[in-house]
Amino acid sequence: MSLPRITATGNLTRDPDIGFTPSGVARANLSIACNAARKTDTGWEAGEPTYLNITAWRTLADNVTESLRKGDAVTGTGRLRTRKYEKDGETKSITEVDADSIAFDLKRCSVTVHRVDRKASPDVSDDPWTTPEAHDRVADIPPF
């Protein structure tokens with residue numbers, strides 16, 4: 001089975017936060033708030049927001065951190081996954097999106113594009129599931 005894919009549009013709730021794995025792979029964490037608005041007799045009314053944590057890897061992590069700021073309207077696509085971690089001696093879990101792409105929502109803003117020279121990029125792939133350190137994570141996923 002494969003992980004479910006998701007596309008979400010919303011506003012960044014904070015500036016992206018970049019960090020690096022022990023092997024030096026860039027990883028950016030960001031969060032978006034998505035909500036549905038509905039038209040009422042007196043105008044538009046916002047619904048309850050849904051918050052999504054998103055993880056971007058490698059070049060995408062670099063570009064997200066360099067380009068996006070809190071409040072920006074974005075659309076992201078990726079794989080929905082749940083991971084476990086320990087905090088204060090307790091095992092907890094979190095559901096988040098491993099991003100394939102993140103873009104400004106051009107319905108609500110305009111941007112100036114600066115292309116990244118892919119030949120100069122050391123990344124073989126922006127897919128975190130194809131890296132050697134991900135081998136243990138994908139060992140139980142059947143081949144295509």
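## Close-up views of a predicted model

**View 1. Asp88 sits out in the open.** Asp88 is exposed, with a relative accessible area of 72%. Let us start here, with a residue that is simple to find in this predicted model. Asp88 belongs to the loop between E7 and E8. Its backbone deserves a second glance: Asp88 has a positive phi of about 55°, although it is not a glycine. The hairpin of E7 and E8 has two residues between the strands, and Asp88 takes its positive phi within that hairpin.

**View 2. Strands E7 and E8 run side by side.** Follow the chain away from the loop of Asp88 and you meet the two strands themselves. How many bridges join E7 and E8? The count is 14, and the pairing is antiparallel. To see one pair of facing residues, look for Gly78, which stands opposite Ala99 in E8.

**View 3. Glu96 is tucked away in strand E8.** Stay on the strand of the previous view, because Glu96 is found in E8. Is Glu96 buried or exposed? Its relative accessible area is 4%, and a residue under 20% counts as buried, so Glu96 is buried. Leaving aside residues up to four places away in sequence, Glu96 touches Arg27, Asn53, Thr55, Arg79, Leu80, Arg81 and Arg83. Take Arg79 from that list: it is 17 residues from Glu96 along the chain, and the C-alpha atoms of the two are separated by 8.3 Å.

**View 4. A cavity lies among the strands E1, E6 and E7.** Searching the whole structure turns up one cavity of 30 Å³ or more. The volume of the largest cavity is about 40 Å³. Which residues line the largest cavity? They are Ile6, Ala8, Leu52, Ile54, Gly76, Thr77 and Val97. Strand E1 (5-12), E6 and strand E7 (73-87) each give two or more residues to this lining. Two of these strands are also partners: E1 and E7 pair in the antiparallel sense over seven bridges. Within that pairing, Ala8 stands opposite Gly76 in E7, and both Ala8 and Gly76 are among the lining residues.

**View 5. Helix H1 rests under a cover of strands.** Helix H1 spans residues 58-67, and its buried residues are Arg58, Thr59, Leu60, Ala61, Val64 and Thr65. What covers them? The cover includes strand E2 (17-20), strand E3 (26-34), strand E6 (50-57) and strand E8 (90-104). Arg58 lies in H1 and has a relative accessibility of 9%, so it counts as buried. Like Asp88 in the opening view, Arg58 is not a glycine, yet Arg58 has a positive phi of about 55°. Asn63 is found in the helix too. With a relative accessible area of 28%, Asn63 is partly exposed. Asn63 and Ile102 are 39 residues apart along the chain, while their C-alpha atoms are separated by 9.5 Å.

**View 6. Strands E4 and E5 form a hairpin.** Here strand E4 (residues 37-40) and strand E5 (residues 43-46) pair in the antiparallel sense, with four bridges between them. The hairpin that joins E4 to E5 does so through two residues. For a landmark in this view, find Arg38, which stands opposite Glu45 in E5.

**View 7. Stepping back to the whole chain.** With the close-ups in mind, we can put the pieces in order. The chain has two helices and eight strands. Read from the N terminus, its elements run β-β-β-β-β-β-α-β-β-α. Of the 144 residues in the chain, 29% are buried. The chain exposes about 10,200 Å², and carbon and sulfur atoms supply 52% of that area. Among contacts with a separation of 6 or more, 61% are between residues 24 or more positions apart.

**View 8. Confidence along the chain.** How sure is the predictor about what you see? The mean pLDDT of the chain is 82, and 81% of the residues reach 70 or more. Over residues 132-144, however, the pLDDT is below 50. Beyond near neighbours in sequence, that stretch has eleven contacts in the model.

Methods: Residues are numbered from 1 along each chain as its sequence is written. This is a predicted model: local features need pLDDT of at least 70, side-chain atom pairs count only at pLDDT 80 or more; totals for chains, interfaces and linings use all residues. Side-chain values use heavy atoms; hydrogens and water are left out. Buried means under 20% relative accessible area, exposed over 50%, partly exposed in between (1.4 Å probe, protein chains only). Contact means heavy atoms within 4.5 Å. Accessible areas come from the Shrake-Rupley method with a 1.4 Å probe; for residues, only the protein chains shown count as cover. Two strands pair if DSSP finds at least two bridges between them. pLDDT is the predictor's confidence in each residue, from 0 to 100. On a 1 Å grid over the protein atoms alone, a cavity is a set of points where a 1.4 Å probe fits but cannot get out, and a pocket is an open set with protein on both sides within 12 Å along at least five of seven lines; lining residues have an atom within 4 Å of a point. Grid points are joined across faces, edges and corners, and a volume is the space filled by probe spheres set on the points.
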